[in-house]
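User: I have a structure here and want the reasoning behind some of its labels. Please keep the answers short.

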Amino acid sequence: MTSYNLLILPGDGIGPEVAGEVEKLVAWFSNRGTVRFEVEKDLVGGAAYDASGLPITDETMQRALSADAVLFGAVGGPKWDGVAYDVRPEAGLLRLRKDLGLFANLRPAICYPALAEASALKREYVDGLNLVIVRELTGGVYFGEPKEVVTLENGEKRAVDTQIYTTHEIERIARVAFELARRRQGRVASAEKRNVMKTGVLWHQVVSEVHKDYPDVALEHILADNCGMQLVRNPKQFDVIVTDNLFGDLLSDVAAMLTGSLGMLPSASLGAEDLVTGKRRALYEPVHGSAPDIAGQGLANPLAMIGSFAMALRYSFGLVQEADLVEKAVANVLAAGVRTKDIAAPGAPTVGTAEVGDAVIRELDALT
Ligand code: NAI
Ligand code: MG
């Protein structure tokens, strides 16, 4: 039986609470005996800082580099406000992203029918929505040089940011999008602005070229501003949207509002394939932070973390049926009215973090 190596880095704040619910799921799969996970757990963020004075140690980094997938909780909070900038908890996540070479950020927008009322849009536009935005994460205008503010001879100031993309950068993100689409509904929309940007012209050209290797996937080119409009007008037309760092930042926040609460949003960041093993480096994490305001009280919604685990099953381990099963269990739990406070209607009954995890486990039992 194949065994999958999963490194869990719960972090601090609500991180350990939501990670604990994923451990229940890991144990459930292991007990069934069809999939085996080798789970390691380690410290990151404030928890690591308190133990070692560093937000992530070299040993932990080594573990992350050799894991099949890293599951990351959350880090940061007022407790560490006074620590030096380069050892603050968030620096642990930044090092992970950098050293794992995570260039592709996947943000799904899944609207569970039971939560459609929480969307910024009317139910009919979002009920059953299931799209994923693939955002290029390490290039583009956030990193291009020159990047500066200069004072001109006449005393005026001039600010410059530079958008740069190479063929290689576009090609590898396009491949991620096409591979994902193959495991989903087989459709990619590539968003750029080739009408006014040279990087858009190259983006369009390279994505079209890569598409030749994926004749089974349908490709549509869409101008990024129109893509924003279409996300609000008719989001269910999309399966996979691939776009650059800047447009992806904006479009993924728009997509987030289509689905409701921060406590529901998972994400994945993928890196290069290891040349020896062929495995792709990957880190899965909820979009939310460490929520210091509710940490330690058992109130956090664990579904963003559980959704991140489902993404690891699907994209790192190729366990598509198991991922579907987890997502179905979550949908059923929500349909049954189980709600943490963040997703409950005012005055409706609520449960805590552990009750949600237990309800997901009961639903997994019922479904199998
Ligand atoms: P946050 O996402 O931690 O919290 C924002 C609001 O949403 C809070 O009211 C919180 O209670 C609520 N919330 C978040 N996740 C929830 C969940 N699973 N269930 C129920 N309610 C939830 O963002 P905030 O307050 O801006 O940042 C708090 C700390 O987290 C900061 O130190 C920040 O730097 C850090 N942070 C860490 C991230 C990471 O580890 N990837 C990402 C974002 C922020
Ligand atoms: Mg943002």
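User: Which hand does the crossing of α6 and α7 have, and what makes it so?

Analyst: This is a predicted model. In it, α6 passes α7 in a right-handed crossing. The term applies if the near helix is turned clockwise from the far one by less than a right angle.

User: Why is α6 called oblique to α7?

Analyst: The axes of α6 (residues 167–182) and α7 (residues 198–211) cross at roughly 50° and come within 9 Å. Angles under 35 degrees would count as roughly parallel, and 65 to 115 as roughly perpendicular. The crossing angle fits neither class, so α6 is oblique to α7.

User: Which residues meet there, and of what class are they?

Analyst: From α6 come Thr167, Ile170, Glu171, Ala174, Arg175 and Phe178. They meet Leu202, Trp203, Val206, Val207, Val210 and His211 in α7. By class, the contact has eight nonpolar, two polar and two charged residues.

User: How do you know whether the UniProt "binding site" positions gather at one spot or not?

Analyst: The unreviewed UniProt entry places that feature at Arg97, Arg107, Arg135 and Asp225. They span 129 residues in sequence, and the farthest two C-alpha atoms are 28.3 Å apart, so they do not all gather at one spot. Of these, Arg97 is found in helix α4 (residues 89–99).

User: What makes a residue part of the shell around ligand 1, and which come nearest?

Analyst: The C-beta atom must lie within 6 Å of the ligand. There are 22 residues around ligand 1, and Gly76, Gly263, His288, Gly289 and Asn301 come nearest. The shell has ten nonpolar, eight polar and four charged residues.

How values were computed:
Residues numbered from 1 in each chain as written. Chains lettered and ligands numbered in written order. Predicted model: local features only at pLDDT ≥ 70, side-chain atom pairs only at ≥ 80, totals over all residues. Nonpolar A, V, L, I, M, F, W, Y, C, P; charged D, E, K, R; others polar. Axes fitted to C-alpha atoms, helices over the stretch in contact; angles between N-to-C directions. Helix = DSSP H or I, 4+ residues; strand = E, 2+ residues; numbered from the N terminus. Parallel < 35°, antiparallel > 145°, perpendicular 65-115°, else oblique. Contact = placed C-beta atoms within 7 Å. UniProt positions renumbered as here; feature names shortened; annotations may be inferred.
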